[in-house]
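Work through the exercises below with the coordinates open. Try each task before you read its solution.

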Amino acid sequence: MSERRSAADSVRWQGFSTRAIHAGYDPDPQTGAVNVPIYASSTFAQDGVGGLRDGFEYARTGNPTRRALEANIAALEHGTYGRGFASGMAATDCLLRSALRPGDHLVIPNDAYGGTFRLIDKVFTQWGITYSVAPVTDVDAVRAAIRPETKLVWVETPTNPLLNVGDIEAIAAVAHEAGAKLVVDNTFASPYLQQPLSLGADVVLHSTTKYLGGHSDVVGGALVTDSEELDEAFAFLQNGAGAVPGPFDGYLTMRGIKTLAVRMDRHCDNAEKVVEFLSGHDKIEKVLYPGLEDHPGHAVAAKQMKRFGGMVSVLVKGGIEDAKAFCARTEVFTLAESLGGIESLIEHPGAMTHASTAGSLLEVPANLVRLSVGIEDIDDILGDLENALR
Ligand SMILES: Cc1ncc(COP(=O)(O)O)c(C=O)c1O
């Protein structure tokens, strides 16, 4: 494999898709392979003890396919260092263990992926970490939640599942004033729509399972940062704890990323039409989408995002049974957890992805339905929603 093309090298490509397609890998000088090979090797021959070829010794520590993916994602986020993980939650776990020690405190949003909340609330609290919940929409509330022992402020924007918007630049300033780091979970926006490091975040986290992979065929996660110190801590745990993606996972994720820009534009086009259709529908109480002018986060979203994304949430008139019935009646929209793939998905967060938030400050409304709008033909998407709501 050719020399690693680092994120810094690929700065010469300003275009997003050029980076998505080329950053991290040059055609193999020996074979000319234009795609990164799936390096199915758990170990690497050494030229004398410690004589590593291209830096590889053992595939938990580093694998050429994974290294290409890591450089690619770092380039997309305009960051210096990228690290790949076996899942978004593995990336979250690595970040929390790298940034926090017993006695430390973190601020989390009142609306976030249920698994993130579960890991913090059920696992990290057992190890002496405390947390406070603050609305990501309210910078003053985030400031008020910060304590002397706060080391990390966690932001998801747009949030999963209520599509609230946090002002990354303003929250970064508040976190930094207090000597804390800001992490932004950029899964919903993807780096095509939003690049948090350029807005002041210290770390960007991805569930690459979603828009980056884009085809619902691989689970993965990533961390990107400009801080050498943080990256060293991530690398230590990535190797030390070993929650790494295999080479086939790395290849699939890179293959998905190449079309991220065209997919995201189509996700956004279709989501806008879905929002227009549902906004006037008599079975829908409220549509939550940052692209709506009356959405409370619209101005901030317009400032920090290129477009408003492919996720749409709705409150269904009636109650929980009406919401569940809506989810059960669609045909183009598959009833399933996850999001960000080419196919449309529908789910009931209260009973599915966010069941772990029941009874907490992060509990979601019972009549909430979340749509991951896919890239199918819009007439089929709208027809499906019309039938399911009839
Ligand atoms: C916003 C967000 N962050 C993190 C995760 C966790 O990622 P994974 O399922 O890849 O572990 C998810 C999963 O749904 C998510 O939606």
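Helices (H or I, at least four residues) and strands (E, at least two) are DSSP runs, numbered from the N terminus. This is a predicted model: local features need pLDDT of at least 70, side-chain atom pairs count only at pLDDT 80 or more, and totals for chains, interfaces and linings use all residues. Residues are numbered from 1 along each chain as its sequence is written, and side-chain values use heavy atoms, with hydrogens and water left out.

**Exercise 1. Place Gly246 in the fold, and say how far Gly84 lies from Gly246 in sequence and in space.**

Step 1. Find the element. Gly246 sits in the loop between helix 8 (228-241) and helix 9 (247-257).

Step 2. Check exposure. Buried means under 20% relative accessible area, exposed over 50%, and partly exposed in between (1.4 Å probe, protein chains only). Gly246 has a relative accessible area of 28%, so it is partly exposed.

Step 3. Compare the two distances. Gly246 and Gly84 are 162 residues apart in sequence. From C-alpha to C-alpha, they are 9.7 Å apart.

**Exercise 2. Divide the chain into domains and describe the contact between them.**

Step 1. Take the bounds, which come from an automatic or database domain assignment. The assignment gives domain 1 (8-257) and domain 2 (261-389).

Step 2. Locate the centres. Over C-alpha atoms, 25 Å separate the centres of domain 1 and domain 2.

Step 3. Count the contact residues (contact means heavy atoms within 4.5 Å). Domain 1 gives 42 residues and domain 2 gives 42 residues.

**Exercise 3. Where does the largest nonpolar core lie, and why?**

Step 1. Define the set. A nonpolar core is a set of buried Ala, Val, Leu, Ile, Met, Phe, Trp, Tyr and Cys residues joined through side-chain atoms within 4.5 Å.

Step 2. Find the hubs. The largest core has 59 residues; those touching the most other members are Val274, Leu278, Val312, Val314, Phe326, Val369 and Leu371. Helix 10 (residues 260-279) supplies the largest share of this core, 8 residues.

Step 3. Place it. Domain 1 (8-257) and domain 2 (261-389) both contribute residues, so this core lies between them.

Step 4. Follow one hub. Leaving out residues up to four places away in sequence, Val274 touches Leu371, Val373, Ile378, Ile381, Leu382 and Leu385. Another core, of 25 residues, lies apart from the largest one and includes Leu106, Ile108, Leu119 and Trp154.

**Exercise 4. Which residues come nearest to the ligand, and how much of the ligand is buried?**

Step 1. List the neighbours (one heavy atom within 4 Å). There are 13 residues around the ligand, and Met89, Asp185, Ser207, Thr209 and Lys210 come nearest.

Step 2. Read the polar contacts (here, pairs of N or O atoms within 3.5 Å). A ligand oxygen lies 2.7 Å from a side-chain N or O atom of Lys210. For a polar backbone atom of Met89, the distance to a ligand oxygen is 2.9 Å. A polar side-chain atom of Asn160 is 3.0 Å from a ligand oxygen.

Step 3. Get the burial from accessible areas (Shrake-Rupley method, 1.4 Å probe). Alone, the ligand exposes 390 Å², and the protein buries 91% of that.

**Exercise 5. Which peptide bonds before Pro158 and Pro161 are cis or trans?**

Step 1. Read omega. The bond joining Thr157 and Pro158 is cis, with omega about -10 degrees. The bond joining Asn160 and Pro161 is cis, with omega about 15 degrees.

Step 2. Place them. Pro158 lies in the loop between strand 4 (150-156) and helix 6 (168-177). Pro161 is also in the loop between strand 4 and helix 6.

Note on methods:
Polar contact = N/O pair within 3.5 Å; in protein donor to acceptor, adjacent residues only side chain to side chain.
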